[in-house]
Amino acid sequence: MARLSLEDFESRLTVRKLTLQDFEAWNELEERCFPGSLPWLREHLESQLERFPEGQICIELDGELVASSSSLIVHFGDYEEWHDWMVIADRGFIRNHDPNGDTLYGIEIMVDPEMRGYRLSRRLYEERKEIATRHNLRRIIVGGRIPGYAQHADAMSASDYVHRVMSKDLYDPVLTAQLANGFALKGLIPDYLPDDSESRGYATFLEWTNLDYHLPHVHTRLRAVSNVRISLVQYLMRGVDSFEDFEKQCEYYVDVAGDYKADFVLFPELFTTQLLSLIPKGRPGEAPRQLAEYTPRYLELMAELALRYNVNVVGGSTFVQEDRGIQNVGFLFRRDGSIGRQSKLHITPNESHWWGVQPGDQLEVFDTDRGKIAIMVCYDVEFPELARIAVSRGAQILFVPFNTNDRLGYLRVRACAQARAIENQIYVAIAGCAGNLPFVENADIHYSQCGIFTPSDVGFARDAIAAESSPNIETVLTHEVDLETLRRNRASGTVRPWTDRRTELYSVRYRQAGKLDQEV
């Protein structure tokens, strides 16, 4: 059987700057988003790109333009009347863009109606926040439409409608998203866009404050924080009646992580053995090969969830049948649609005896939009050499999906994960399964407690445990770690086990594809 081709399951989602070549697609996107409105002219885009190309952003999915954002920088004090979009946006030409200003003003965000639900607006708002931070701007200001108001205009005022959206009594497709992205309501603007019948001409006046802003003449000695938010799934194993039941359970967990705005969500090792409850019981050795038949559907599901919920999914692991036999493979589903894989390198006696699982022979370090990471599937974390190699290649977070049937097995994983965090001055996140699968050989009982472990030093949490779940319950644990704190710890920690290695006395030699690849 040929090697599984991940390209068959990948998409390509790209956030990039608009170019003049995008004009026709950009115009078509506007027509889909705001049918009947006056279209942008080529001269508008030319002027925006000439004056502030960095502020004109789009999202492409598999080569198709599906969302865009336009903005400019202004001085807050120059505009007392923020109600006049035509003045502040210069009728869309932004000739008033001031690179020395203190405020990013959002002209427009567009998301293809067929792509709503994929949290593309969140990605665009995050890009705007990055622009504001890079330019050391005090704030972002937007005038937001309230398109849901048309359905309620006969029953309430615009002010009452906005307050009910804020109190969650009502949902507005624009305002609800803006509030969820950290914007605060400052007022209501009548006649902002008179032609906007859905909003009855009204717009909200919203502001996001840049907490990293510092006065230009003030020297900051330390870098800003570099936070990464991680969700860990303590997956409840229970019998399912169909693959669709499995899909719903997975989507629920990813949805929770997305609502928490997690950068990563980690699933357990071999949580897909839940699907064995759909397969008639046979010889134990047949189980992983039968489960591997579901792998294409698993890949499609996880890739879609990563895109839809805007979170990098470390998809635990599942069985893959290829030329070398059956392997236990962990997958990374990035939120840009790309996929990476990490085969388990060390096979437990039970996996070999019951299932005939074969080991992989390559350690991967993955680039992500939140830095470099590595995946060590359960038993692999018990071998300190692998972590040394991964960290030498830039990994700052190790994700360890595990699957243990008792507390002793769990404690081996946990103790070794904590050791890897201390030895290498990194973060290690672990997630496992809870619950039972009666009559499924070698996967019938489970013991789990999710956790995020840190170096043991000043500046980190007590006991070197950033966060930990209650054992053996269904839950999602979410916590934030700071990569900048790692950098400082390596530079000036009480002890520096990574920096102080005696590589002139000892080293780890790593072979890849039979050749010496690295010595650390």
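Biologist: What makes up the secondary structure of the protein chain?

Modeller: The protein chain has 13 helices and 22 strands, where helices are DSSP runs of H or I with at least four residues and strands are runs of E with at least two, numbered from the N terminus. Bear in mind that this is a predicted model, in which local features need pLDDT of at least 70, side-chain atom pairs count only at pLDDT 80 or more, and totals for chains, interfaces and linings use all residues. Residues are numbered from 1 along each chain as its sequence is written, and side-chain values use heavy atoms, with hydrogens and water left out.

Biologist: Why is the protein chain called as compact as a globular protein of that length?

Modeller: Its radius of gyration is 26 Å, and the globule rule gives 24 Å for 520 residues; the two are close, so the description fits. The radius is taken over C-alpha atoms, and the rule is 2.2 Å times the number of residues to the power 0.38. Those C-alpha atoms fill a box of roughly 70 × 55 × 40 Å along the principal axes.

Biologist: How do you know which residues of the chain are buried?

Modeller: Buried means under 20% relative accessible area, exposed means over 50%, and partly exposed lies in between, with a 1.4 Å probe and protein chains only. By that test, 53% of the 520 residues are buried.

Biologist: Nice. Then why is serine 121 counted as buried?

Modeller: Serine 121 has 18% relative accessibility, so it counts as buried. This residue belongs to helix H4 (residues 120-134). Leaving out residues up to four places away in sequence, serine 121 touches Val111 and Ala177, a contact being heavy atoms within 4.5 Å.

Biologist: And why does cysteine 250 count as buried?

Modeller: Cysteine 250 has 0% relative accessibility, so it counts as buried. You will find cysteine 250 in helix H7 (residues 243-259). Among the residues it touches, beyond four places away in sequence, are Tyr235, Phe267 and Leu305. Glycine 315 is 65 residues from cysteine 250 in sequence, with 9.8 Å between their C-alpha atoms.

Biologist: What makes strand E5 (residues 139-144) largely enclosed?

Modeller: Six of the six residues of E5 are buried, so the rest of the structure largely encloses this strand. In a regular strand the side chains alternate between the two faces of the sheet. Here Arg139, Ile141 and Gly143 point one way, while Ile140, Val142 and Gly144 point the other way, and all are buried.

Biologist: How do you know that strand E4 (residues 103-111) pairs with E5?

Modeller: Pairing requires that DSSP find at least two bridges between two strands. E4 and E5 have four bridges and run parallel, so the definition is met. One partnership joins tyrosine 105 to isoleucine 141 in E5.

Biologist: What makes strand E10 (residues 312-322) mostly covered, and which strands does it pair with?

Modeller: In E10, 10 of the 11 residues are buried. Strand E9 (residues 264-266) runs parallel to E10 over three bridges, while strand E11 (residues 325-333) is antiparallel to E10 over eight bridges. Valine 313 in E10 stands opposite valine 265 and also opposite phenylalanine 333 in E11. E10 and E11 form a hairpin, with two residues between them.

Biologist: Which elements do the buried residues of helix H2 (residues 42-51) pack against?

Modeller: They pack against helix H1 (23-33) and strand E3 (64-74). The buried residues of H2 are His44, Leu45, Ser47, Gln48 and Leu49.
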